[in-house]
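Open the model in a viewer and keep the selection panel at hand. The stops below go through helix packing, then the ligand, then some backbone details.

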Amino acid sequence: MKPIDSQLIADHNARLERHVRNDYEHLGEQLARRDVDIEAITAQVAAFGVAIPSWGVGTGGTRFARFPGAGEPRDVFDKLQDCAVIHQLGRATPTVSLHIPWDRCSDYTELRGQAQAFGLGFDAMNSNTFSDQPGQPQSYKFGSLTHTHAATRAQAVAHNLECIEIGRALGSQALTVWVGDGSNFPGQQHFRRAFDRYLESTRQIVAALPAGWRMFLEHKIAEPAFYSTVIQDWGSSLMAAQALGPQVQCLVDLGHHAPNVNIEMIVARLIAAGKLAGFHFNDSKYGDDDLDAGSVSPYRLFLVFNELVAAAHERVPGFEPAYMLDQSHNVTDPIESLIDSAEQVQRSYAQALLVDRVALDAAQQANDALAATKLLKRAFQTDVSPILQQLRLQQGAAIDPIGAYRASGYRARMAAERPARAGAGGGIV
Ligand code: LRH
Ligand code: MN
């Protein structure tokens, strides 16, 4: 089932195909002079995918306001169709990451069938114990898995077990746990006891994990708590993951760090510890801005992928990161932003594959700092667009996915089909 008319994509590609073939051939010659086989790179990029956050296809907002766009998804089925558009046009996003209760529905077998019809699968499930649902017995105002009251912790554990059950029905194999638990005042929370309560609660979730499943712990420096957060940084997350066992690893959301923190080094540490779960890709300038991946600091995203490609190149044991986007689209069409962000992530991966690792090892060994950093810059400054376009052409996707999307009139069609509703489609704000 294809939400966009395939003929429209074919006609769109027909106008661009000759240029892409020329550009691809030209880049191939350039790379061959660097002993790089462009076909090998293209094949590796073809095998790369990044998951779409279901909460990202609705318009996001801030605590000040949300300005809903036209044709907002009304439920998880609408979200799935929008995700299918993103994958049909860009072919870089074969899976969707759901958030419960925002994506709760009455028939998960039907939902799984719909996803399969769209050629989509389900990545990590996301639990939500950072907001209260109508009629919820215990409030999460003062925390969830680390709350001082056992009944509230038990409620939060039960919610995570429900997310696992929903994930099993959908074919997911991972649960991401991010909690907003923390404090706003010095003295408000006993840091060590809160961490102990976190371990006591998460142990019960780990005990319920099916064989083969993983649990991803997501750290975050601040928000909604603004003095301390229980899982505030990679150190706290790693301590917990090491205490909780082999099925538990640490997920890195790029926006969850103080400005200028060296995230690529955190990635290298988690890889070395065998505890890198994966990523929530986005970009930021100040806080957890959830901006489009690579829109502010594309070199930082490249440097993260440089660590990932190095680990794969060196065959680091147990290295199997999950790649997901986690963004909030406040001023763009979410579908366009997700198509573009997925391509940006693919682009950073392709560039990192171009790093001459033998020469880099030699330069590092020789302490030739300039030669080393120029090897990274050379890869980053290589325009790999012909590889990404050629790949989409080969896969029957759109050479220019945003252009094809705009030509399709999909958004206008959804605006007609999906009447605007206040508070539609659950998501950030
Ligand atoms: C927390 C977070 C987490 C999600 C939420 C939507 O800031 O990054 O990953 O649950 O955003
Ligand atoms: Mn996140």
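Helix-axis angles under 35 degrees count as roughly parallel, over 145 as roughly antiparallel, 65 to 115 as roughly perpendicular, and the rest as oblique. Keep in mind throughout that this is a predicted model.

**Stop 1: α4 and α5**

Select α4 (108-117) together with helix α5 (residues 150-170). Their axes are 8 Å apart and make an angle of about 45°. An angle of that value falls in none of the named ranges, so α4 and α5 are oblique to each other. The crossing in which α4 passes α5 is right-handed. To see the contact, show side chains for Y108, L111 and R112 on α4, which meet I166, R168, A169 and L170 on α5. Coloured by class, this contact has 5 nonpolar and 2 charged residues, with no polar ones.

**Stop 2: α3 and α4**

Keep α4 selected and add α3 (76-90). Here the axes lie 10 Å apart and the packing angle is about 15°. α3 and α4 are therefore roughly parallel to each other. This crossing, too, is listed as right-handed. From α3, the contact takes V76, F77 and L80; from α4, it takes E110, L111, Q114 and A115. By class, the α3 and α4 contact divides into 5 nonpolar residues, 1 polar and 1 charged. L111 of α4 is worth labelling: it takes part in the contact with α3 and also in the one with α5.

**Stop 3: α8 and α9**

Next, select residues 263-272, which are helix α8, and residues 298-313, which are helix α9. The two axes come within 8 Å and cross at roughly 20°. That value makes α8 roughly parallel to α9. The contact uses I263, E264, V267, A268 and I271 of α8, and R300, L303, V304, E307, L308 and A311 of α9. Of the residues in this contact, 8 are nonpolar and 3 charged, and no polar ones occur. As for handedness, α8 passes α9 in a right-handed crossing.

**Stop 4: ligand 1**

Which residues surround ligand 1? Select W55, H99, F130, W178, E218, K220, D253, H256, H280, D288 and D326 to display them. Then draw distances from polar side-chain atoms to oxygen atoms of the ligand. For E218 the distance is 2.7 Å. For D288 it is 3.1 Å, and for H280 it is 3.2 Å.

**Stop 5: backbone details**

Hide the side chains and turn to the backbone. Most residues other than glycine have a negative phi, and most peptide bonds are trans. The following places depart from that pattern.

- Centre on R91, in the loop between α3 and β2. Phi of R91 is near 55°, a positive value in a residue other than glycine.
- Move to P101, in the loop between β2 (95-97) and α4. The peptide bond from I100 to P101 is cis, with omega near 15°.
- Go on to P224, in the loop between β7 (214-218) and β8 (228-229). The bond joining E223 to P224 is also cis, and its omega is near 10°.

To link two of the stops, select E218: this residue belongs to β7 (214-218), and one of its polar side-chain atoms lies 2.7 Å from an oxygen atom of ligand 1.

Conventions
Residues numbered from 1 in each chain as written. Chains lettered and ligands numbered in written order. Predicted model: local features only at pLDDT ≥ 70, side-chain atom pairs only at ≥ 80, totals over all residues. Heavy atoms only, no water. Axes fitted to C-alpha atoms, helices over the stretch in contact; angles between N-to-C directions. Helix = DSSP H or I, 4+ residues; strand = E, 2+ residues; numbered from the N terminus. Left-handed = near helix turned anticlockwise from the far one by under 90°. Contact = heavy atoms within 4.5 Å. Nonpolar A, V, L, I, M, F, W, Y, C, P; charged D, E, K, R; others polar. Near = heavy atom within 4 Å. Polar contact = N/O pair within 3.5 Å; in protein donor to acceptor, adjacent residues only side chain to side chain.
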